Amino acid sequence: MKKIRIGSGAGYAGDRIEPAVELMEKGNLDYIIFECLAERTIAIGQQDKLKDPSKGYNQLLEARMNKILKLAKDNHIKVITNMGAANPLAAVEKTAEIAKDLGISGLKIAAVTGDDILPQIDKYYDNTVLELGCKLGDIKASVLSTNVYLGCEGILEALENGADIIITGRVSDPALSIAPLVHEFGWNIDENPDEMGQAVLVGHLLECAGQVTGGYYADPGYKDVPDLDRLGFPLIEIDETGHFVVTKVEGSGGIVCEDTCKEQMIYEIHNPKAYMTPDAIADFSQVTFTQQGKDVVAAANATSHGKPETLKVSIGYRDCFIGEGEISYGGTNAMNRAKLAADIVEKRLKLIGCEMEEFRVDYIGFNSLYKTDISSRYAPEIFPEIRLRISGRTKDKANASLIANEVEALYTNGPAGGAGATKKVSEIVSICSIFVPRDIVDIQLSYKEV
């Protein structure tokens, strides 16, 4: 019976590279996915692209491609990734350039575009924003990016056209894995609802990489995970019936057990009976996980119920500014001095007329100043140190700066013993969503051969 092996090389934009290299060297893979787009990532990429039209792709794309392209070529592993972010075309150009610099030839690199609907977003200004309850037109001046969650179609076409490296913008996370399964086994939502449900589950288990091998599972003394410093990323072996096992490279750190798989399955899916993806409405309510050996878990009984009539659009918009500052107080009476400092800052911000939408004070501390030699000698009810954090949400940078500056001014104007003050002002890009008809999307592919 035909089987394929898919590995996960990244679970977020800044993920480490060593586990991906290990998988490609030792995992006997057919495919590897790099899932690198969180909700805000494309909006941040769009900001980069506005500053430099040759940018906008994942900031670690170059470092990753330098490590994996030769492995992909030598081991006949196809690479599928959404590292294109806001600029898949530029990502393909950069990848081709890296391949040439490494002396690699015989690669076909594809860009999948069509998720960016900013040129036509004004048609949907009357749509209700899911998270904000207003019309999209109400925030149109703040909109940075509008990207539809695409399904597997573009990736599938690239595979059918012989692409070795496929770089997309916004696609659903499971689509990175669904595409090779549909390509290899010929599944479709009408004839293979159970297999398509299993395909979504494959993608969902792989999408966060080390989470399913114990990374986000670990809780010392309660859920112990060995060798997290050498955490191995997961791979899945699946056959044409949809039966699959989750495992990892032998000797790598972490664990694969029924509970790591259960925790990952329920992560971010809202409704286990109706997990909405562009390719299928997956039903995980009857899924079972069965330990078949050390770090080998079989997954069964996912199914699906058609596909959604609409597609979700992830909208990045300029939301606010955060001004924040931190300062430490140590030793006797540290908490009371920190509380006095916070009171001073709050009164000062009112005095100077700082306009804030939200204000908060946090008291953080145990042993970052003194370590255990001194900290452990304090009674449990006494704080050996406090790190005071003060932050505020504002509509503009000027008011955010006032908050940060007042914390720094505690050096000479506040309680005794303040030290290690820091301050920063951040512009916050937030995400909201609308839904649009499926048929508005025009998926495009372009290719570069080296």
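A pocket here is an open set of grid points with protein on both sides within 12 Å along at least five of seven lines, and its lining residues have an atom within 4 Å of a point. With that in hand, here are the views of this predicted model.

**Figure 1. The largest pocket and the residues around its centre.** Start with E39, D173, E207, E268 and Y275: of the 43 residues that line the largest pocket, these lie nearest its centre. The volume comes to about 1,100 Å³. Sorted by type, the lining holds 22 nonpolar, 11 polar and 10 charged residues.

**Figure 2. Strands that help line the largest pocket.** Three strands, β9 (275-276), β14 (310-330) and β17 (419-437), each put at least two residues into the lining. Which strand gives the largest share? That would be β14, with four residues.

**Figure 3. Helix α6, tucked inside.** Nine of the 11 residues in α6 (residues 175-185) are buried, so the rest of the structure largely encloses this helix. The buried set runs A175, L176, S177, I178, A179, P180, L181 and V182, plus F185. Just after α6 comes G186, with a positive phi near 75°.

**Figure 4. What sits over α6.** Zoom out a little from the helix and look at its cover. The elements covering the buried residues of α6 include the strands β1 (3-10), β2 (31-34), β3 (78-81) and β7 (234-239). Helices join in as well, among them α5 (153-160) and α7 (193-206).

**Figure 5. A111 and its neighbours.** Look for A111 in strand β4 (residues 108-113). Is A111 buried or exposed? Its relative accessible area is 1%, and buried means under 20%, so A111 counts as buried. Leaving aside residues up to four places away in sequence, A111 touches P88, L89, V92 and I167, and also Q444, L445 and S446. For a sense of scale, R337 sits 226 residues from A111 in sequence and 57 Å from it in space, C-alpha to C-alpha.

**Figure 6. Stepping back to the chain behind the close-ups.** The chain has 12 helices and 18 strands. Its radius of gyration is 25 Å, close to the 22 Å from the globule rule for 450 residues, so the chain is as compact as a globular protein of that length. Along the principal axes, the C-alpha atoms fill a box of roughly 75 × 55 × 50 Å. Buried residues account for 54% of the 450. Of the contacts between residues at least 6 apart in sequence, 77% join residues at least 24 apart. On the outside, the chain exposes about 20,300 Å², with 48% of that supplied by carbon and sulfur atoms.

Conventions
Residues are numbered from 1 along each chain as its sequence is written. This is a predicted model: local features need pLDDT of at least 70, side-chain atom pairs count only at pLDDT 80 or more; totals for chains, interfaces and linings use all residues. Side-chain values use heavy atoms; hydrogens and water are left out. On a 1 Å grid over the protein atoms alone, a cavity is a set of points where a 1.4 Å probe fits but cannot get out, and a pocket is an open set with protein on both sides within 12 Å along at least five of seven lines; lining residues have an atom within 4 Å of a point. Grid points are joined across faces, edges and corners, and a volume is the space filled by probe spheres set on the points. Ala, Val, Leu, Ile, Met, Phe, Trp, Tyr, Cys and Pro count as nonpolar, Asp, Glu, Lys and Arg as charged, and the others, Gly among them, as polar. The radius of gyration is taken over C-alpha atoms; the globule rule is 2.2 Å times the number of residues to the power 0.38. Buried means under 20% relative accessible area, exposed over 50%, partly exposed in between (1.4 Å probe, protein chains only). Contact means heavy atoms within 4.5 Å. Accessible areas come from the Shrake-Rupley method with a 1.4 Å probe; for residues, only the protein chains shown count as cover.
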